[in-house]
Amino acid sequence: VSGMDELFEANLAALPGTNGLIIRWSAVSGEMYRVDYQQSLFDPTWSNLPPDVRASNVVASTVDTNTDQVTQRFYRILRLLP
């Protein structure tokens with residue numbers, strides 16, 4: 001984020017009819033974002049949740065459908081530089 005005065009919000013919601021999740025976050029229209037995840041905050045690396053997302057509005061989203069047998073998962077959202 002370029003400035004400390006910017007507000008960032010993110011939330012998760014169940015994907016109806018599946019075990020998946022919808023991940024939504026405040027975004028800058030036209031910017032590219034990458035979502036990574038890990039099962040534990042102690043994991044040494046993050047895994048990418050493809051594809052990268054180009055925000056078409058002030059809210060961007062992606063879906064994580066690979067959540068079967070997952071008891072917890074942590075996400076980070078990265079705004080990619082041009």
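**Entry 1: D64**

I opened with D64, where I found the side chain in polar contact with the side chain of Y75 at 2.6 Å. This is a predicted model, so I keep that in mind throughout these notes. A second polar contact links the side chain of D64 to that of R73, at 2.7 Å. I then looked up where D64 belongs, and it lies in strand β6, residues 59-64. Is D64 buried or exposed? Its relative accessibility is 0%, so I noted it as buried.

Next I listed what touches D64, leaving out neighbours within four places in sequence. The contacts are G20, L21, I23, L49, R73 and Y75.

**Entry 2: R73**

R73 had come up already, so I followed it. The pair R73 and D64 also counts as a salt bridge, with the closest N and O atoms 2.7 Å apart. R73 has a relative accessibility of 15% and counts as buried, because the cut-off for buried is under 20%. Its partner D64 is buried as well, at 0%.

Which ring does the charged end of R73 sit over? I found it over the ring of Y37, 4.2 Å from the centre. While on rings, I searched the whole structure for aromatic pairs, and one turned up.

**Entry 3: the other salt bridges**

How many salt bridges are there? I counted three. With R73 and D64 noted above, I went on to the others.

D52 bridges to R34, and their closest N and O atoms are 2.7 Å apart. D52 sits in the loop between β4 (47-48) and β5 (53-54), while R34 is in strand β3 (residues 32-38), so this salt bridge ties together parts 18 residues apart in sequence. I checked accessibility on each side: D52 is partly exposed at 27%, and R34 is partly exposed at 30%.

R76 bridges to D36, with 3.0 Å between the closest N and O atoms. Here R76 is in strand β7 (residues 74-79) and D36 is in β3, so the pair ties together parts 40 residues apart in sequence. R76 is partly exposed, at 33% relative accessibility. D36, however, is buried at 5%.

**Entry 4: strand β3**

R34 and D36 had both led me to β3, so I gave that strand an entry of its own. Why do I call β3 largely enclosed by the rest of the structure? Five of its seven residues are buried.

I looked up its strand partners one by one.

- β3 and β7 run antiparallel and are joined by six bridges. On this side V35 stands opposite I77 in β7.
- β3 and β5 pair in the antiparallel sense over two bridges. M32 has R54 as its bridge partner in β5.
- β3 and β4 also run antiparallel, again with two bridges. Y37 has S47 as its bridge partner in β4.

A reminder to myself: side chains in a regular strand alternate between the two faces of the sheet.

Y37 thus appears twice in my notes: its ring lies under the charged end of R73, and its bridge partner is S47. The salt bridge from D36 to R76 likewise links β3 to β7, which are joined by those six bridges.

**Entry 5: T65 and the loop between β6 and β7**

I stepped on from D64 to T65, which is found in the loop between β6 and β7. T65 counts as exposed, with a relative accessibility of 57%. Leaving aside neighbours within four places in sequence, T65 is in contact with L15 and G20. G20 is also on the contact list of D64. I also took a C-alpha distance: T65 and I22 are 43 residues apart along the chain, and their C-alpha atoms are separated by 8.6 Å.

The loop between β6 and β7 also holds Q69. What is the phi of Q69 near? I read about 65°, a positive value in a residue other than glycine. Q69 is exposed, at 81% relative accessibility.

**Entry 6: a cis peptide bond**

Last, I checked the backbone at P50 and P51. The peptide bond from P50 to P51 is cis, with omega near 0°. P51 is in the loop between β4 and β5, where D52 is also found.

I flagged this bond and the phi of Q69 together. Most residues other than glycine have a negative phi, and most peptide bonds are trans.

Conventions: Residues numbered from 1 in each chain as written. Predicted model: local features only at pLDDT ≥ 70, side-chain atom pairs only at ≥ 80, totals over all residues. Heavy atoms only, no water. Phe/Tyr/Trp six-rings, centres within 6.5 Å; stacked < 30°, edge-to-face > 60°. Lys NZ or Arg CZ within 6 Å of the ring centre and 35° of its normal. Salt bridge = Lys/Arg side-chain N within 4 Å of Asp/Glu carboxyl O. Helix = DSSP H or I, 4+ residues; strand = E, 2+ residues; numbered from the N terminus. Buried < 20%, exposed > 50% of the residue type's maximum accessible area, 1.4 Å probe, protein only. Pairing = 2+ DSSP bridges. Polar contact = N/O pair within 3.5 Å; in protein donor to acceptor, adjacent residues only side chain to side chain. Contact = heavy atoms within 4.5 Å.
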